[in-house]
Amino acid sequence: MTRYILILAFSSLWMSSSHAQEIDADGDGLLSLREAQTAIPELTEEVFLMADTDGNGLLSQAELLSANERGLLPS
Ligand SMILES: [Ca+2]
Ligand SMILES: [Ca+2]
């Protein structure tokens with residue numbers, strides 16, 4: 001269930017600034033490993049790096065959704 005909570009939270013992050021500071025601490029619209037682990041404590045760096053398909057060290061919404069579709073995110 002955790003991944004769905006994150007997807008919901010992350011989606012709302014894009015739409016609602018009221019949630020932005022809860023996960024996206026620096027407000028850049030991308031999730032760093034630390035920010036992602038705040039939302040999913042079980043998320044490992046290994047999984048984060050697999051999800052970060054463009055290798056910029058940050059997860060975009062598209063990368064997060066793709067990782068979810070590939071089953072990378074802890075459930
Ligand atoms: Ca951020
Ligand atoms: Ca990325």
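Ala39 sits in helix α3, and it makes a good place to start a walk through this predicted model. Is Ala39 buried or exposed? Ala39 is buried, because 20 other C-beta atoms lie within 10 Å of its own, and the cut-off for a buried residue is 20 or more. Ala39 also has a partner from another part of the sequence: Ile23 is 16 residues away along the chain, yet the two C-alpha atoms are 6.4 Å apart in space. Ile23 belongs to helix α2, residues 17-23, so please keep the confidence values in mind here, since where pLDDT is low, the predicted coordinates should not be read in detail. Among the elements of the chain, helix α2 has the lowest mean pLDDT, 57, while helix α4 (residues 45-51) has the highest, 95. Over the whole chain the mean pLDDT is 80, and 71% of the residues reach 70 or more.

Now step back to the overall layout. The chain holds five helices and zero strands, so from the N terminus on the elements read α-α-α-α-α. Of its 75 residues, 20% are buried. Among the contacts with a separation of 6 or more, 46% join residues 24 or more positions apart.

Next, let us look at Leu31, found in the loop between α2 and α3. Leu31 counts as buried because it has 29 C-beta neighbours inside 10 Å. Leaving aside residues up to four places away in sequence, Leu31 touches Ile23, Asp24, Ala36, Leu58, Leu59 and Leu64. Leu31 and Ser60 are 29 residues apart along the chain, with 6.6 Å between their C-alpha atoms.

Leu31 and Ala39 both belong to the largest nonpolar core, which has 10 residues in all. The other members are Ala36, Leu43, Phe48, Ala51, Leu59, Leu64, Ala67 and Leu73. At least two residues of this core come from each of α3 (33-39), α4 and α5 (61-69). In soluble globular proteins, nonpolar side chains tend to be buried together. What does Ala67, one of the core residues, touch? Not counting residues up to four places away in sequence, Ala67 touches Ala51, Leu72 and Leu73.

Finally, there is an annotation to lay over this picture. An unreviewed UniProt entry carries the annotation "domain: EF-hand" for residues 39-74. That span is 47% helix and 0% strand, and its end C-alpha atoms lie 11 Å apart.

Methods. Residues are numbered from 1 along each chain as its sequence is written. Chains are lettered from A and ligands numbered from 1 in the order in which they are written. UniProt positions are given in the numbering used here, feature names are shortened, and annotations may be inferred rather than shown by experiment. Helices (H or I, at least four residues) and strands (E, at least two) are DSSP runs, numbered from the N terminus. pLDDT is the predictor's confidence in each residue, from 0 to 100. A residue is buried if 20 or more other C-beta atoms lie within 10 Å of its own, exposed if 12 or fewer, and partly exposed in between; C-beta atoms are placed from the backbone. Two residues are in contact if their C-beta atoms, placed from the backbone, lie within 7 Å. A nonpolar core is a set of buried Ala, Val, Leu, Ile, Met, Phe, Trp, Tyr and Cys residues joined through C-beta atoms within 7 Å.
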